[in-house]
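Reader: I'm new to this. Could you walk me through the structure below, one question at a time?

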Amino acid sequence: MNIRVKEPSLESLCRGKKQYEPPSFMTIGVAIDQLLEVEQLRGESAYNEDTLCVGFARLGSENQKVVAGSMKQLRTVDFGQPLHCLTIVGKTHPVEEEMLDFYRRHVSIYQPLRIKP
(Lines give C-alpha, C1' and ligand atoms only; values in the text may rest on other atoms or scores of the structure.)
Protein backbone atom coordinates (compact mmCIF):
# COMPACT_ATOMS: atom_id res chain seq x y z
CA MET A 1 0.00 0.00 0.00
CA ASN A 2 1.07 3.58 -0.50
CA ILE A 3 2.12 5.42 2.66
CA ARG A 4 2.84 9.13 2.57
CA VAL A 5 4.38 10.51 5.70
CA LYS A 6 6.29 13.76 6.06
CA GLU A 7 6.07 14.79 2.41
CA PRO A 8 6.46 18.46 1.55
CA SER A 9 3.58 20.25 -0.11
CA LEU A 10 4.05 21.57 -3.64
CA GLU A 11 3.71 25.14 -2.35
CA SER A 12 6.38 24.63 0.31
CA LEU A 13 8.77 23.20 -2.27
CA CYS A 14 8.28 26.25 -4.48
CA ARG A 15 8.86 28.64 -1.58
CA GLY A 16 11.73 26.69 -0.03
CA LYS A 17 9.90 26.24 3.28
CA LYS A 18 9.81 23.08 5.36
CA GLN A 19 6.06 22.57 5.54
CA TYR A 20 4.68 19.05 5.29
CA GLU A 21 1.39 17.53 4.18
CA PRO A 22 -0.55 15.55 6.78
CA PRO A 23 0.10 11.77 6.65
CA SER A 24 -2.09 9.80 4.27
CA PHE A 25 -2.53 6.08 3.75
CA MET A 26 -3.95 4.23 0.76
CA THR A 27 -6.98 2.07 1.49
CA ILE A 28 -7.61 -1.38 0.06
CA GLY A 29 -10.54 -0.04 -1.96
CA VAL A 30 -8.39 2.66 -3.57
CA ALA A 31 -5.64 0.15 -4.33
CA ILE A 32 -8.13 -2.17 -6.03
CA ASP A 33 -9.62 0.71 -8.03
CA GLN A 34 -6.17 1.75 -9.23
CA LEU A 35 -5.12 -1.79 -10.09
CA LEU A 36 -8.31 -2.39 -12.10
CA GLU A 37 -7.87 0.93 -13.89
CA VAL A 38 -4.31 0.01 -14.91
CA GLU A 39 -5.49 -3.43 -16.03
CA GLN A 40 -8.23 -1.86 -18.13
CA LEU A 41 -5.70 0.47 -19.80
CA ARG A 42 -3.11 -2.23 -20.47
CA GLY A 43 -5.46 -5.13 -21.18
CA GLU A 44 -2.95 -7.77 -20.08
CA SER A 45 -5.54 -9.99 -18.36
CA ALA A 46 -3.37 -10.16 -15.24
CA TYR A 47 -6.39 -9.84 -12.93
CA ASN A 48 -10.00 -8.67 -12.87
CA GLU A 49 -12.85 -8.04 -10.43
CA ASP A 50 -13.16 -11.79 -9.81
CA THR A 51 -9.51 -12.25 -8.83
CA LEU A 52 -9.11 -13.67 -5.34
CA CYS A 53 -7.37 -11.36 -2.87
CA VAL A 54 -6.82 -11.05 0.85
CA GLY A 55 -7.13 -7.71 2.60
CA PHE A 56 -5.35 -7.07 5.88
CA ALA A 57 -5.71 -4.15 8.29
CA ARG A 58 -3.73 -3.38 11.44
CA LEU A 59 -2.07 -6.81 11.67
CA GLY A 60 -0.83 -7.67 15.13
CA SER A 61 -3.14 -5.23 16.88
CA GLU A 62 -6.18 -5.99 19.03
CA ASN A 63 -8.53 -4.93 16.24
CA GLN A 64 -6.79 -6.47 13.23
CA LYS A 65 -8.96 -7.46 10.30
CA VAL A 66 -8.31 -10.05 7.60
CA VAL A 67 -10.83 -10.66 4.83
CA ALA A 68 -10.59 -12.95 1.79
CA GLY A 69 -12.68 -12.50 -1.33
CA SER A 70 -12.75 -11.25 -4.88
CA MET A 71 -11.56 -7.75 -5.72
CA LYS A 72 -15.20 -6.81 -6.25
CA GLN A 73 -16.15 -8.05 -2.78
CA LEU A 74 -13.18 -6.46 -1.01
CA ARG A 75 -14.00 -3.06 -2.52
CA THR A 76 -17.15 -2.99 -0.37
CA VAL A 77 -15.51 -3.99 2.93
CA ASP A 78 -14.80 -1.30 5.52
CA PHE A 79 -11.32 -2.15 6.77
CA GLY A 80 -11.29 0.77 9.19
CA GLN A 81 -8.18 2.66 10.20
CA PRO A 82 -4.79 2.11 8.51
CA LEU A 83 -2.45 0.43 7.91
CA HIS A 84 -3.89 -1.71 5.10
CA CYS A 85 -2.30 -4.36 2.91
CA LEU A 86 -3.72 -6.06 -0.18
CA THR A 87 -2.42 -9.41 -1.40
CA ILE A 88 -3.40 -10.74 -4.80
CA VAL A 89 -3.58 -14.52 -4.56
CA GLY A 90 -1.59 -16.28 -7.23
CA LYS A 91 -0.76 -19.94 -7.61
CA THR A 92 -1.31 -21.50 -4.22
CA HIS A 93 0.10 -24.45 -2.33
CA PRO A 94 -2.54 -27.04 -1.36
CA VAL A 95 -2.32 -25.99 2.30
CA GLU A 96 -2.91 -22.35 1.36
CA GLU A 97 -5.84 -23.36 -0.81
CA GLU A 98 -7.38 -25.28 2.09
CA MET A 99 -7.20 -22.20 4.31
CA LEU A 100 -8.67 -19.94 1.63
CA ASP A 101 -11.47 -22.47 1.01
CA PHE A 102 -12.17 -22.66 4.74
CA TYR A 103 -12.51 -18.90 5.04
CA ARG A 104 -14.63 -18.63 1.91
CA ARG A 105 -17.08 -21.25 3.24
CA HIS A 106 -17.12 -20.51 6.97
CA VAL A 107 -16.58 -16.81 7.34
CA SER A 108 -18.77 -14.03 6.04
CA ILE A 109 -16.92 -11.60 3.80
CA TYR A 110 -17.78 -8.83 6.25
CA GLN A 111 -16.47 -10.54 9.40
CA PRO A 112 -12.89 -10.05 10.55
CA LEU A 113 -10.72 -13.14 10.50
CA ARG A 114 -8.45 -13.45 13.53
CA ILE A 115 -4.90 -14.61 13.07
CA LYS A 116 -3.47 -16.07 16.26
CA PRO A 117 0.22 -15.39 16.90
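Reader: In what order do the three strands of the open sheet lie?

Author: First, a word on the source: this is a predicted model, where local features need pLDDT of at least 70, side-chain atom pairs count only at pLDDT 80 or more, and totals for chains, interfaces and linings use all residues. Residues are numbered from 1 along each chain as its sequence is written, and side-chain values use heavy atoms, with hydrogens and water left out. Strands (E, at least two residues) and helices (H or I, at least four) are DSSP runs numbered from the N terminus, and two strands pair if DSSP finds at least two bridges between them. Here the pairing is antiparallel, and the order is β4-β3-β5.

Reader: Which strands stand at the edges of that sheet?

Author: Look for strands with a single partner, because one side of each is then left without a neighbour in the sheet. That description fits β4 (65-70) and β5 (84-88).

Reader: How many bridges join β3 to β4?

Author: These two strands run antiparallel. One of the pairs to look for is C53 with its bridge partner G69 in β4. The count for β3 and β4 is six bridges.

Reader: And over how many bridges do β3 and β5 pair?

Author: Strand β3 covers residues 52-57, and its pairing with β5 is antiparallel too. You can spot A57 opposite H84, and C53 opposite I88. Between β3 and β5 the count is five bridges.

Reader: How many of the six residues of β3 are buried?

Author: Buried means under 20% relative accessible area, exposed means over 50%, and partly exposed is in between (1.4 Å probe, protein chains only). L52, V54 and F56 are buried on one side of β3, and C53, G55 and A57 are buried on the other. The strand is therefore largely enclosed by the rest of the structure, and the count is six of the six.

Reader: At about what angle does helix α2 run to β5?

Author: Helix α2 takes in residues 28-42 and lies across β3 and β5. For angles, axes are lines fitted to C-alpha atoms, for helices over the stretch in contact (heavy atoms within 4.5 Å), and the values run from 0 to 180 degrees between N-to-C directions. For α2 and β5 the angle is about 40 degrees.

Reader: How far apart are the closest N and O atoms of R75 and D33?

Author: Side chains of opposite charge can pair when their charged atoms come close. A salt bridge is a side-chain nitrogen of Lys or Arg within 4 Å of a carboxyl oxygen of Asp or Glu. R75 and D33 form one, with those atoms at 2.8 Å.

Reader: How many residues apart in sequence are the parts that this R75 and D33 pair ties together?

Author: R75 lies in helix α3 (residues 71-75), while D33 belongs to helix α2. At 36% relative accessibility, D33 is partly exposed. The salt bridge ties together parts whose separation is 42 residues.

Reader: Which residues are linked in a network of salt bridges?

Author: Besides D33, R75 also meets E49 in a salt bridge at 2.6 Å, N to O. E49 sits in the loop between α2 and β3, 26 residues from R75. The network's members are D33, E49 and R75.
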